[in-house]
Every structure is written in C-alpha cells, then in structure tokens.
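Student: I would like to take a close look at one part of this model. Could you walk me through it in a connected way?

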There are 2 protein chains.
Amino acid sequence: MARPHVLVVGGGFGGLATTQALRRANVDITVVDRCNHHLFQPLLYQVATASLSPSDIAEPIRSVLRGQDNAKVRLAEVLSVDPARKVVHLRDDDGTEDEVGYDKLVLAAGASHSYFGNDEWATHAPGLKTLGDALEIRRRILEAFERAEWAETDEDRRAHSTFVVIGGGPTGVELAGAIAEIAFWTLRKDFRNVDLSKARVVLLEGGPGLLTTYPPELQERARKQVERLGVEVRLNARVTNVDEDGVWIGEEHLRAATVLWAAGVKGEPVAQTLGTELDRAGRVKVLPDCSIEGHPDTFVVGDLAVYTHTPDGKPVPGVCQGAMQMGWYVARCIEDDLAGRPRGTFRFQDKGSMATIGRTKAIADLGFLRVGGLVAWLLWVFVHVLFLVTFRNRVVVMVKWAWAWVTYERASRLIWRPTEHTR
Amino acid sequence: MARPHVLVVGGGFGGLATTQALRRANVDITVVDRCNHHLFQPLLYQVATASLSPSDIAEPIRSVLRGQDNAKVRLAEVLSVDPARKVVHLRDDDGTEDEVGYDKLVLAAGASHSYFGNDEWATHAPGLKTLGDALEIRRRILEAFERAEWAETDEDRRAHSTFVVIGGGPTGVELAGAIAEIAFWTLRKDFRNVDLSKARVVLLEGGPGLLTTYPPELQERARKQVERLGVEVRLNARVTNVDEDGVWIGEEHLRAATVLWAAGVKGEPVAQTLGTELDRAGRVKVLPDCSIEGHPDTFVVGDLAVYTHTPDGKPVPGVCQGAMQMGWYVARCIEDDLAGRPRGTFRFQDKGSMATIGRTKAIADLGFLRVGGLVAWLLWVFVHVLFLVTFRNRVVVMVKWAWAWVTYERASRLIWRPTEHTR
C-alpha cells in the first residue's frame, strides 16, 4: 500500500520544521517551493545593505533535506488548493501545469508586503521579502550614491543622497540604520564630489512609535538609538503617494531617489483559493489545530496563518519561532492521525523577541529581561549566529561580520544587472 | 593651471594597473566603467559553478581607489572615442549622454566572447565574461538538475542532465571540470528521481587539442585529467548550429538543455570608433608604445590590444599579467611625456601560465618547469590566493575553498531571478 502523501507548500521556517519533524514518519513528503532555497529571512536586510552575500543566508532546500529519504523537493509554484478534492494545482519551474493529490497538506506559503491597495507604488518603493528583492534594493542604494557623485545640479545631488524608508517595524528600522551606517561610515571616503555627511536617511512611520510590538520604554530606546546613527525619524507621518520623484506626506513632498517599503503584510494569494475565512491582510484564520474549517487534513502554518487560540487571545507572532512551533505541532498532529490518536493541543511558547538597529545597537524583550544598547546587540548577534549554526555558512558569515565590524567595510557592494541572455 | 586629465576606460586589470601606477603623478584621473566593480576574472567560472559568491571575486572600483586622491570613478559606458579631438562620448548610468575631453586616454575596455557571426546562438549558449553572465550560467546549471528530477520522459531527463561546453580553452576546461564535479559529487545525494551518475558533460573543441597555447605534453595531460573527472572530450568537433534543443555538429544532433559558450574572443565595439587598424577579432593593433597610429596620446591596453612588437613576434597573451604589464608601461609613458623625456620600451615578461581542471588537477607551464596534476594544482591555488591578497575577501574565499574541498559542497547553489520591480 502506498504511504500517505504529505504535501508541504513552502520551504521557509514553517514548511521545513514540519518536514524535518516527520523524518521518521511512515509517509512520503513532497516539499514544493518556487525558490530552490530556504532563506534565513531575519538577515535579509544585510544582503540588501551589502553586508552579506545571498549564499550566506540561504541554503538549497535540497541540501537541507539531503539525509531525509522520505522527502522530495519540487521547484514549482502552487496556484490553488482544492481542500474538498485534496489536490493542489501547480506550475512547474518550466511553465507546465500539473495537479498533485495529497493526504495531508501543510500550506506554509508565507506572506509578503502590502501596499494597502496602492500596488503601483511597488515600482518606486520596492519591499524586502526575497533574495531578488534584496539584490534590487542593494542595487538602488549603491546606484544612488554613484548618481549623487555625478549629479549636475545641487537639487539632483540632494535627491540622490536622500533615502526614505517607509514603515517603522523591525525591517524598516534595520534598513534605515544600515543605510545610515553605509552613508556616514562605509562610503565616507569613496566619493570626491558629493559630501556624504549631508546625506539624509528618513524613516517614516504612520503610527505614533517605532517597533510597536515592544514595551514603550524599549520603543523609546530604539528611537533614540536609530537617531544617534543619523536617521531622521518621523512618526505619525502618513504616506499619501509615492512617485518617481519621492514621497508625498499629505501636502508635503519629500524628494528622494531611493524609497524603500517596509510597511504592511499580505498573505500569499494562494490562501484565497482555500475557500475559508481570511483576515484583512489575506491570512488564513486557522482552527486550534492549525487546520481549516471543515478540512482537518488541510493545515496552514507560519506567516500565512493567523492563530488566535492562545490563552490570552494574542495572535502567534509572524516570526521564525511562531512558524517553527506551528510546523512541529502540525507534524505531531499528522503522526497522531496516522496512529489513530486524538490530536494534541498547540501551546505557543514565546521565547522573547529582539530587534537590531545598527552597530552595537539593538533592543531585546525576553519577558523577564528588557534591555537595549550593546547588551541587546550582543544578545542579538549571539542568537543569530547560533541560529545560523544549522547553516553551513556560519564560519564565513562570522568572518565577514568580524571584518565588517572592525573596518566598517561592506563586503558585497556590487551592482550588477541581469544579462540580456535571460530566457 | 589645470592638471592633465588622464581618462582610463575600464576598471579591469589593465585600467587599474595604469591608474594605480599614476598615484603619485601630477594628473587628474577619471576611471570610467559601466560596472562598479573590478572583477577577478580568473575565478569567474567558480561563481558560475556555485563555489564562490560574486562578492568574493569582485571589489568596488571605488574602494580599490579609495586612498588615491587624484582618481575619480564614474559609472558610465563609453560609446565612442574621437582621438583627433581628444574626446570620448559616454552614457552615464542614468541614461544621459555626455562628452568628456582628455589629455591622455587609456582604453582598457577589454574583450568578450565571439559567436563568429552567429549572435543568435547567445540565447541558447551564454558565454562567461561578467558577473551577470556567471549568475545566469549558474541558474541554468542548477535549474537543469531540478528539471531532470521532475522530467516526465526518459528522453527529457537525459536532455536536462546533459551539459555541453563549447570551446576547449581555459574557460571551457574549467567549466566542464566544475560541472562534472557538481553532477558526480556535490549533488549526488540530493536527488531522488534522477540518477546523476548517468549525467553527461561534453566538452566540444573544433581544433585538434585542448588548451592549445600549452606544450603538447601538457595538452595531453589536461585531456586525461578532465576525462578522469567524467567529462567526454570531443576534439575536431565543429559546431554548426545551436538551438534550444541542443547542439548540431555537422549532421549529428546532441540533445542538451544546457549549452555554454567558451569559444572565441571579440574586442569591445568601442574599438571600431577609433578609426585605426583592428585584427579579425576586433582588437586594436597598437604601436610599440601601446598608442595608436597618429595619436600618441591615445593608448590601448589589455585584452582590447594586440601587441606583436615582442622579440619573437608572439603577441602578448590576453591574460592578467599581459594587461597589468601594459598598464604599468603606459603609466610610465605618461610620466615620461609630462617630464619631457622620451618614452621607454615595453618588454613583456612572461611569468608562465597555468590552467586548472578540477579538484587536485591542473597544468602549469613556467618555462623552466612544466607540471601537471596535484603539484600544478597546488601551485595554481597558491598563486590565485596570493593574487586575491589584494582583495579584502581573501579570508572568506579561503574558508569557502577549504570547506568545499573537504566536503565537496558548493556554497552558492542558489537560483534566483530578477524581481518584477526592476526599473
């Protein structure tokens, strides 16, 4: 008899946690992802700001699962799910479409940024979610400095050396802090015509504070730290338009050649094909066992899921630890089903959270301990390097970091464009 | 009085050698390149075959020249040169065109691959000259394995696991050897459906031998070494057509999803605007002082120049050492001109040459010493790491190499595509 087929959609933290937790289960697993790599997303901003190379924070899904004989990897995009028939419709990497049946589905397709209905802003203000995004942002940042150097008018020079980051969450704060370090430290001596001490890095946040998931005293600390790096923080600044010249905040126009988007979150569109209830951001409202209403064999985990069945009703946060814990739990549910046992209960264990701001600057909230500054930053480095230990690249990343820290240098300041030969 | 303006076109080995040799000269230098980085081209095939990241072998020209106050860097493409008026016409990175005058021009724009009049082959058989090329080739190689894994017919599976490299020079041999290592070693355990021991790597050479600039006994040794890696070498195999299904050799069709071009060389088109004599490959025939006929202030160095005024009449080879020695010589000529001295004579010093084939396999011809195998390979590693010492990345590269050598792993096996947001 064929073994049950577990289809895992997405090779992020949620999908891989599920897959690896099933390594000894008597099932056949297929992991489907449109990218060939698992991405260590917490460090993606470091690729965008030229500190790390893509391969430092990404690992082929195939090589992560090399030793797991019950798992295959398929490079394809899932277009829709039919939970009643238990099939997904997908498009393979070469463009051909196919239908694949499943006994258990774990949908871990993730989320991307939302322009709140203004998708035309994407051209002028790219967001940061994939390696491709990171390289595009890196290219824009580095090209802006080049153009500032050779600008014909002072006005153009100012526009090219003004960087606007929209959104005061962790990604926005990290990006703004890193750009400030590049402009005011790394590149200081590389240009002859433009005076980079006059560059501007502006962080715009529509709400009244930065990093609002943190306690107020840490929010305040984060704002001070990012300002000390030279970033202009503007709170309650609601962006009303983005065009090729810059950003509109109500009647005010902020001229900037580089605008980056770090606001909003939106579930991957495949969620809409499930026929189940979504929240306003297009994420799936899951049942207490992470499955969807009426379809106990169809699970959703990670950033694509909204899980509100916690003791205090606070949703499980859309971060690595949330995705991984959901993934492990769902793997146990699948094993319970196979063994004919009732499914257990999901209990999210919050390990705390931390956000980095720049060189020696960060905040950390571990529940019992709230710190900012160097201590938080060392904690952040420790945790992230520890996490990367599952990655083969840890030595290289540590060497690069140590080097960058000592020299203020950026290892990956390369601009390139796709060749013309792209098929 | 304004200082003489030295315009250097190209930030490769020739252009940078000239610029750095003029660091104490009383001149203003502008280095113009359409890329922002200097590339360590001898290791480009390692990026194409996923061993190294782009930033390991590339360094921003700006940061190379950081300490040199008399040099500016401009990101632009030179479209034409008018040596009579001493101006170049260029297009800046942002698309605007401009004219720039010079007192001395050093044209070091390099060469790229030639399809011998069949430019339509480029889509199906990309060549390797830029970082963009390397990433495109890497993507094709890695995607081919993914497609082989999920191919629907045996015939398709064979096509996707067949790799053809056209051209038996150093680049072709390096590429074929590296692909064989990936297929037969690195990826061996990563796939479930396709048996990679049946993959084919075919190296096609139109002439009667590989690496024909080397002595016959080393050519023979190289052929044996590359065959031992599992590469099928076919000599006297003249490619008559390349299409999306593979390669035609006369009447014979070799079906292959991945075809790479490593044959032919062609000077950058800007050479045609000089109004001076070119060779059949579009390279500039320079005078004994590297200038062009009738225009003593317009020099051409590096791969774009054909220099035949050597004692034995053998042209200076199109490799790093040739480009650098020309660059240093031209810098001396410029200083001689400024000092009112007659220009010296150029003497090319051949330091020997070496080609790598794969793990522990290489050949080296140092004139007094001709070796193959492990000794040549260690020599190759030593020289290349020594060369990279001018690069900040040397530690990272060595860590990656050591790791890859021990584990047969490839650090950079990532597929990504440009985002949609590209301007």
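Student: First, what percentage of the 423 residues in chain A is buried? Then please show me the open sheet of chain B, strand by strand.

Tutor: Happy to! This is a predicted model, so local features need pLDDT of at least 70 and side-chain atom pairs count only at pLDDT 80 or more, while totals for chains, interfaces and linings use all residues. Residues are numbered from 1 along each chain as its sequence is written, and chains are lettered from A and ligands numbered from 1 in the order in which they are written.

Your first answer: buried residues make up 51% of the 423 in chain A (buried means 20 or more other C-beta atoms, placed from the backbone, within 10 Å of a residue's own). Chain A holds 10 helices and 24 strands (DSSP runs, H or I of at least four residues for helices and E of at least two for strands, numbered from the N terminus).

Now to chain B. Its open sheet has 8 strands in the order β7-β6-β5-β2-β1-β8-β20-β19, and the pairing is mixed (two strands pair if DSSP finds at least two bridges between them). At the edges stand β7 (97-101) and β19 (291-292) of chain B; each has a single partner strand, so one side of each is left without a neighbour in the sheet.

Start at the β7(B) edge. Strand β6 (residues 87-92) of chain B pairs with β7(B) in the antiparallel sense, over 5 bridges. Here His89(B) is found opposite Glu99(B) of β7(B).

Next, look for a helix. Helix α1 (residues 13-21) of chain B lies across β1 (5-9), β2 (28-33), β5 (71-82) and β8 (104-107) of chain B. Contact here means C-beta atoms, placed from the backbone, within 7 Å. The helix runs at about 155° to β1(B) (axes are lines fitted to C-alpha atoms, for helices over the stretch in contact, with angles from 0 to 180 degrees between N-to-C directions).

Moving on, β8(B) pairs with strand β20 (residues 295-300) of chain B in the parallel sense, through 3 bridges. Val106(B) faces Phe299(B) of β20(B) across this pairing, standing opposite it.

Finally we reach the other edge. There β19(B) and β20(B) run antiparallel, joined by 2 bridges. Ile292(B) has His295(B) in β20(B) as its bridge partner. These two strands form a hairpin with 2 residues between them, and Gly294(B) in the turn has a positive phi of about 80°.

Technical notes
A residue is buried if 20 or more other C-beta atoms lie within 10 Å of its own, exposed if 12 or fewer, and partly exposed in between; C-beta atoms are placed from the backbone. Two residues are in contact if their C-beta atoms, placed from the backbone, lie within 7 Å.
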